[in-house]
Amino acid sequence: MEVYLVGGAVRDALLGRAVVERDWVVVGATPEVMESRGFRPVGKDFPVFLHPETHEEYALARTERKTGRGYHGFSFHAAPDVTLEDDLVRRDLTVNAMAQRPDGTLVDPFSGHADLEARLLRHVSDAFQEDPVRILRLARFTARYAPLGFRPADETKYLCQRMVADGEVDHLVPERVWQELDKTLTEPCPSAFFRVLRDCGALARLIPELDGAFTREITTVAGHRVNAGDHALAAVDTAAKVDGADGPVKLALVLGALDRDDLAPGHARSACQRLRTPNAYRALTLTYAAHRNTAHAADALGAEGMLQLLEACDAFRRPERFSAFLLAVSVDAVTAGTADTVTDYPPTRRLQACLDATRDISGGRFAKAGLKGPAIAEAVQKERLRAIERLPRPGD
């Protein structure tokens, strides 16, 4: 029985990055041996075990064989005679196909270390093309390591193009696509994910609404004509550098911009439905798509217009989502060059001030004063308008 540290822990240690989690491969063992040593089985498709003390994952060395279309079409074989190299060759990228012995010796049968040095993401073998999820993983790793100069190898890009042409990508289910996209939104260069997919043709299959944005021009808040797709990706990369810009904000900047200039009405909604995004992501994306332009023009709005926007964005019931909406608008302004930072954009500052001045005005005190039904709503409306009118206007 031999145990090796594998995958991301080896890769990141060689890059001098913090190792977040460690995975292990066990060669020469059986499930019975693992359980006899206190390991707890957790794998459904193949033998994976949790260490009794560290709770790290230990997988028996295994091989796989393609049995059908898509990423579910595999059968796995784990046995004591499966070698470490047999296990490593089934992995996606050479930089993920390295192992380390307990004494620290590197096991690198596919030149992953050389590719790390060359900043290349290269497939291990032609088995890469059997699993369409690997295109998504290649794109996500590019989003993670692009700031270090990494890019997909040319032969790997060609293989991805061939997979798209062969229809493998069409077998990806929305939940799996979303899982990789959601992880990508936490990476330092999310735009790289979408560009890798677009370069190989997968974006047109998976998010055709976004792919189509690269064929249109839009007018930014600064008044410049730019490519719609390029602007959306620039915005999500800007957000990646902003504290507080979480996944919903970043998705809104990518998909919420698809409805811009009324050139593609409903595209943000259809993209969210296609990806089956969680409700929190979808709600912010659609709010941003519908009200972004009005928010940018907030300094020109009167009290009634400001209140209408707050109500349309459901700001009184969902103040946290409204703050996230304002952050997305501010990131868009920074991307366009009309603000230096997300905290110094006057329209969003004014909108937040309007909400702060009105959010505590509710119907309770008017009901105590004897008002009923529609009269309460009318009184709340008038009081909120007065509160907004008392706020300083731009230029005051």
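**Figure 1. Glu 2 in strand β1 of the predicted model.** In this predicted model, Glu 2 belongs to strand β1, which covers residues 2-6. Glu 2 has a relative accessible area of 43%, and because this value falls between the limits of 20% for buried and 50% for exposed, the residue is described as partly exposed. The side chain of Glu 2 makes a polar contact with the side chain of Tyr 4, at 2.8 Å. If neighbours within four places in sequence are set aside, Glu 2 is in contact with Val 25, Val 26 and Val 27. The view also takes in Leu 84, which is 82 residues away from Glu 2 in sequence, while the two C-alpha atoms are 9.2 Å apart in space.

**Figure 2. Aromatic rings of Phe 141, Tyr 145 and Phe 150.** The count of aromatic pairs in the model comes to 8. In one of them, Phe 141 and Tyr 145 are stacked, with 6.3 Å from centre to centre and 10° between the planes of the rings. Both residues lie in helix α5 (residues 133-145), where they are 4 residues apart, or about one turn of the helix. Phe 141 has a relative accessible area of 5% and is therefore buried, since the value is under 20%. Tyr 145, at 1% relative accessibility, also counts as buried. Tyr 145 forms an aromatic pair with Phe 150 as well, and this pair is tilted, with the ring centres 5.5 Å apart and an angle of 50° between the planes. Phe 150 counts as buried too, at 5% relative accessibility.

**Figure 3. Arginines over aromatic rings, and a cluster of rings.** Arg 140 lies over the face of Phe 141, at a distance of 5.4 Å from the centre of the ring. A second view shows Arg 292, whose charged end sits over the ring of Tyr 288, 5.1 Å from the centre of that ring. A further view shows Trp 24, Phe 39 and Tyr 58, which are linked into a cluster by ring pairs.

**Figure 4. The packing of helix α8 with helix α11.** Two packed helices are described by the angle between their axes together with the distance between those axes. Helix α8 (residues 191-200) and helix α11 (residues 228-239) pack at an angle of about 145°, and their axes are 8 Å apart. On the side of α8 the contact is made by Ser 191, Phe 194 and Arg 195, and on the side of α11 by Asp 230, Leu 233, Val 236 and Asp 237. Sorted by kind, the residues of this contact comprise 3 nonpolar, 1 polar and 3 charged.

**Figure 5. Positive phi values at Ser 111 and Arg 276.** Most residues other than glycine have a negative phi. Ser 111, although it is not a glycine, has a positive phi of about 60°. Ser 111 is placed in the loop between β9 (106-107) and α4 (112-118), and with a relative accessible area of 41% this serine is partly exposed. Arg 276, likewise a residue other than glycine, has a positive phi near 55°. Arg 276 is found in the loop that runs between α13 (267-275) and α14 (279-296), and at 49% relative accessibility Arg 276 counts as partly exposed, because the value is not over 50% and not under 20%.

Note on methods
Residues numbered from 1 in each chain as written. Predicted model: local features only at pLDDT ≥ 70, side-chain atom pairs only at ≥ 80, totals over all residues. Heavy atoms only, no water. Axes fitted to C-alpha atoms, helices over the stretch in contact; angles between N-to-C directions. Helix = DSSP H or I, 4+ residues; strand = E, 2+ residues; numbered from the N terminus. Contact = heavy atoms within 4.5 Å. Nonpolar A, V, L, I, M, F, W, Y, C, P; charged D, E, K, R; others polar. Buried < 20%, exposed > 50% of the residue type's maximum accessible area, 1.4 Å probe, protein only. Polar contact = N/O pair within 3.5 Å; in protein donor to acceptor, adjacent residues only side chain to side chain. Phe/Tyr/Trp six-rings, centres within 6.5 Å; stacked < 30°, edge-to-face > 60°. Lys NZ or Arg CZ within 6 Å of the ring centre and 35° of its normal.
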